[in-house]
Amino acid sequence: MRRKDREVTERAEILRIVDQAKILHLGLFDGEYPYVVPLHYGYRYDEKEDFLVFIMHGAKEGLKLDLIRRNPKVCIELECGVEPVSGGEIACRYGAAYMSVMGRGWAEIVEDSAEKIEGLKLLMKTQTGREFVIDEKMAATVAVIKVVVPEFTAKARTMPV
């Protein structure tokens with residue numbers, strides 16, 4: 001990381017960023033060009049292994065599922081707290097306050113019904129803060145993607161005082 005002064009290393013702070021972001025950008029391989037798609041997500045942190053597990057859902061067919069089947073290696077990016085920082089009358093002094101997490105890992109399409117249900121419950125809890133009942137019939141209507149991220153970094157730039 002080039003800007004070590006903005007690096008976030010405390011796991012609690014990284015998880016706070018992941019809690020606040022709400023949209024995950026999933027980067028996939030698509031031949032000559034990358035393919036990035038924004039998705040709602042749920043997540044859990046495996047403290048023992050020090051990795052993040054993200055859960056997303058979508059249609060049961062489509063490009064992102066095809067790309068995951070071809071190459072499960074992915075990257076993720078999340079950001080929150082984005083606010084412009086004024087540079088006054090000097091254009092190159094403008095910037096933004098933000099918090100972000102980036103990582104690399106692998107994706108898999110979840111086939112097990114019980115795992116899909118638990119993943120969808122996690123997604124709803126992350127997105128709404130509420131518990132929902134998800135049954136097998138509901139879970140069967142969507143594809144569930146699990147992304148394991150053992151490699152991640154975080155950065156933050158706070159608003160100047």
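# Pocket, cysteines and cores

Reader: Which strands each supply at least two residues of the lining of the largest pocket?
Author: Before that, note that this is a predicted model, where local features need pLDDT of at least 70 and side-chain atom pairs count only at pLDDT 80 or more, while totals for chains, interfaces and linings use all residues. Residues are numbered from 1 along each chain as its sequence is written, and side-chain values use heavy atoms, with hydrogens and water left out. A pocket here is an open set of points on a 1 Å grid over the protein atoms alone where a 1.4 Å probe fits, with protein on both sides within 12 Å along at least five of seven lines; lining residues have an atom within 4 Å of a point. The strands (DSSP E runs of at least two residues, numbered from the N terminus) are strand 2 (23–30), strand 6 (73–85), strand 7 (95–110) and strand 8 (143–157).

Reader: Which residues lie nearest the centre of that largest pocket?
Author: The lining of the largest pocket has 13 residues. They split into 6 nonpolar, 4 polar and 3 charged, with Gly among the polar ones and Cys, Ile and Met among the nonpolar. Nearest the centre you'll find Cys75, Ile76, Met102, Gly103 and Arg104.

Reader: How many disulfides are there?
Author: A disulfide needs two cysteine sulfur atoms within 2.5 Å. Cys75's closest cysteine sulfur, in Cys80, is 18 Å away, so that's too far for a bond. Cys75 is partly exposed at 38% relative accessible area, whereas Cys80 is buried at 8% (buried is under 20%, exposed over 50%, partly exposed in between, with a 1.4 Å probe and protein chains only). The count comes to 0.

Reader: Which strand gives the most to the largest nonpolar core?
Author: A nonpolar core is a set of buried Ala, Val, Leu, Ile, Met, Phe, Trp, Tyr and Cys residues joined through side-chain atoms within 4.5 Å. The largest one has 34 residues, with Leu26, Tyr41 and Phe54 among those making the most contacts inside it. Elements giving two or more residues to this core include helix 1 (11–21) and helix 2 (63–70). The top contributor, with 7 residues, is strand 8.

Reader: Leu65 and Ala107 are 42 residues apart in sequence, but what is their C-alpha to C-alpha distance in space?
Author: Leu65 has its place in helix 2 and is buried, with a relative accessible area of 2%. Counting contacts as heavy atoms within 4.5 Å, and skipping residues up to four places away in sequence, Leu65 touches Ala59, Lys60, Ile109, Ala143 and Ile145. From Leu65 to Ala107, the C-alpha distance is 9.6 Å.

Key. Helix = DSSP H or I, 4+ residues; strand = E, 2+ residues; numbered from the N terminus.
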